[in-house]
Every structure is written in C-alpha cells, then in structure tokens.
Amino acid sequence: AVVKLAAEKLKAEEGKPVDPAQAAIAVCHEAIKCGSKDNLSCMIVLLGGGEVPGEDVEFIPGPFEAPENAAFRKAYQAMAEHAGLTLPQALEKRFSNCRAELAQADPNSEGAKELQAEMAQYGSGPSEDLTEGTERVEWFNNWLESRNSSENAAGLGDGAETDGPSGGMTRDQLWEMIQNNPRLRDMAESSGIGIERLLINDREEPMRTVRVAKL
C-alpha cells in the first residue's frame, strides 16, 4: 500500500516535474491518519538523472501539543532550527496550516476537534490586520514569552524541579491537556500507561513491603 501510494504521488502532471518530496509527505500523512504513534521518516529515491524541484529543506510543523512542557518546546524548536526557522516562525507556520486544514475539514470529525483544541491555546490568535511573516511571527514570540513568564511566576519554568512524569506541569494542567487533546489521550492509552497512571506522582504510589530473612 505504501509503494502504491508513493507511485501515485510520483506520477507527473502535464507540464509539471515530479516532486518526490510531495510523495514522501503524503506517505507520512497517511501513516498519521492510520493511527501511527511512531516517529516517521520517508525517503524517496529516484533512479535517474535530472533536477528535483522544490526547496532543499522544507519544515512541515506538527501539532504544538504540550506548550507547558519545557522539554517538548525544546525538541520542537530543535526540529525547526534544522530548517533554519525559529520557534515563533514555526508556530506561525503551524497556525496558518491549522487554519487552512480547519477550513476544509468536517467540523464534527476527530481531526477537526484536535485542530480546534490546539488553536484554542492561542485565544483569539493574531489579528487579521497583521501581515503574514514578520508581524505575525512577533505575535507568536510575544505569546511564548507571556507563557514563559506565567510559568516562571508559578515555579514551572525551565529550571524548576519536577516530580513524576508530568515534566514541569501540575497534575491538573497535565489532566486538562490530555483531556482536551484526543491524540495525546490515545497515545497514553495505547502505550499501556493510561490516564490515571500517568497522573500519579511517583511518591504517592503504593509501596510493596518485602521481608528479608536474617543472615
């Protein structure tokens, strides 16, 4: 099925060159649509000469699902930097993609609900008066700074010590994030962790007593 999908995407339209990048993107998107929870990579090899169209490096931002988690933000930023983008630039690009996808999606579908939950974290979002690019990137930079300021005031900044699996969030914050994001909820359940187990602080788990015989 993967080879067939790639072959279909590699069929050149009249007057247009073959773009292997679009075939690779289609394969990854199909894997996500089918429920894959693994990291995804796809390489298309063309056995022939000629030039390949498109950009040398193109960043396609995924869901910005855990903005409260410093480790998540750092990993997301690192991936954006591979394409020469800052984190605010990546978020501006992601915001534009989400809005375009929502305009075409069935509002009652799971995909649309996930997008709506992700977009809700930006409140009303950047003003329509702001032009794409510099002005909107600045808006997302300010949004990130305001979140960091709030977290630092609450003692949840990058340098804060954390307990358990929440990675810098309170259990209430983690619960709300998972409940509002079907993809994260499915990932927790499919991994065998379960939401209840994920929210248990390690020090609150019941301890098993073991009796050792005297030497």
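**Notebook: a predicted helical chain**

I began with the weak places of this predicted model: over residues 201-205 the pLDDT stays under 50, and the model has seven contacts beyond four places in sequence for them. I found a second such stretch at residues 159-167, where pLDDT also stays under 50 and the model has twelve contacts beyond four places in sequence. I note that predicted coordinates should not be read in detail where pLDDT is low.

**Entry on confidence**

I looked up the averages next. The chain has a mean pLDDT of 76, and 67% of the residues score at least 70. Among the elements, I recorded helix H4 as having the highest mean pLDDT, 92, and helix H9 (residues 195-198) as having the lowest, 53.

**Entry on the overall make-up**

I counted the elements: the chain has nine helices and zero strands. Of its 215 residues, 29% are buried. The exposed area is about 14,800 Å², with carbon and sulfur atoms supplying 51% of it. I also looked up how far apart in sequence the contacting residues lie. Among contacts with a separation of 6 or more, 54% are between residues 24 or more positions apart.

**Entry on salt bridges**

I searched for salt bridges and the count came to four. I recorded three pairs, as follows.

Arg147 and Glu68 meet through their side chains at 3.4 Å, N to O. Arg147 belongs to helix H6 (residues 134-153) and Glu68 to the loop between H2 and H3, so this pair ties together parts that are 79 residues apart in sequence.

Glu92 forms a salt bridge with Arg136, and their closest N and O atoms are 3.1 Å apart. This pair links distant parts of the chain, with Glu92 in helix H4 and Arg136 in helix H6, 44 residues apart. I checked the burial of the two partners: both Glu92 and Arg136 are buried.

Glu118 and Arg94 meet in a salt bridge at 2.8 Å, N to O. Since Glu118 is in helix H5 (residues 110-120) and Arg94 in helix H4, the pair ties together parts that are 24 residues apart in sequence. Glu118 counts as buried at 7% relative accessibility, and Arg94 is buried with a relative accessible area of 7%.

**Entry on helix H4**

I then returned to Glu92, which is found in helix H4 (residues 87-104). I asked which residues Glu92 is in contact with, leaving aside its neighbours within four places in sequence. They are Glu132, Gly133, Arg136, Val137 and Phe140. Glu92 has a relative accessible area of 10%, so I entered this residue as buried, the cut-off being under 20%.

Pro88 is also found in helix H4. At 10% relative accessibility, Pro88 counts as buried. Not counting residues up to four places away in sequence, Pro88 touches Val137, Phe140, Asn141 and Leu144. I looked up the spacing of one of these pairs: Pro88 and Asn141 are 5.1 Å apart in space, C-alpha to C-alpha, and 53 residues apart in sequence.

**Entry on aromatic rings**

I searched the whole structure and recorded ten aromatic pairs. Phe59 and Tyr76 have ring centres 6.4 Å apart and planes at 85 degrees, so I entered the pair as edge-to-face. Because Phe59 lies in the loop between H2 and H3 and Tyr76 in helix H3, the pair ties together parts 17 residues apart in sequence. Phe59 counts as buried at 12% relative accessibility, and Tyr76 counts as buried at 9%.

Phe64 and Tyr76 form an edge-to-face pair, with 5.0 Å from centre to centre and 80 degrees between the planes. The pair links distant parts of the chain, with Phe64 in the loop between H2 and H3 and Tyr76 in helix H3, twelve residues apart. Phe64 and Tyr76 are both buried.

I asked which residues the ring pairs link into a cluster. The cluster contains Phe59, Phe64, Phe72, Tyr76, Phe95, Tyr122, Trp139, Phe140 and Trp143.

**Entry on the surface**

Last, I looked at a nonpolar surface patch of about 430 Å², which is made by Met43, Val45 and Leu47. I located Val45 in the loop between helix H2 (20-33) and helix H3 (70-82). Is Val45 buried or exposed? With a relative accessible area of 57%, Val45 is exposed.

Notes. Residues are numbered from 1 along each chain as its sequence is written. Side-chain values use heavy atoms; hydrogens and water are left out. Patches are made of residues with over 30% relative accessible area and no salt bridge: like charges are joined within 9 Å, nonpolar side chains (Val, Leu, Ile, Met, Phe, Trp, Tyr) within 5 Å. Accessible areas come from the Shrake-Rupley method with a 1.4 Å probe; for residues, only the protein chains shown count as cover. Helices (H or I, at least four residues) and strands (E, at least two) are DSSP runs, numbered from the N terminus. Buried means under 20% relative accessible area, exposed over 50%, partly exposed in between (1.4 Å probe, protein chains only). Contact means heavy atoms within 4.5 Å. pLDDT is the predictor's confidence in each residue, from 0 to 100. Rings of Phe, Tyr and Trp (its six-membered ring) pair if their centres lie within 6.5 Å; planes under 30 degrees apart count as stacked, over 60 as edge-to-face and the rest as tilted.
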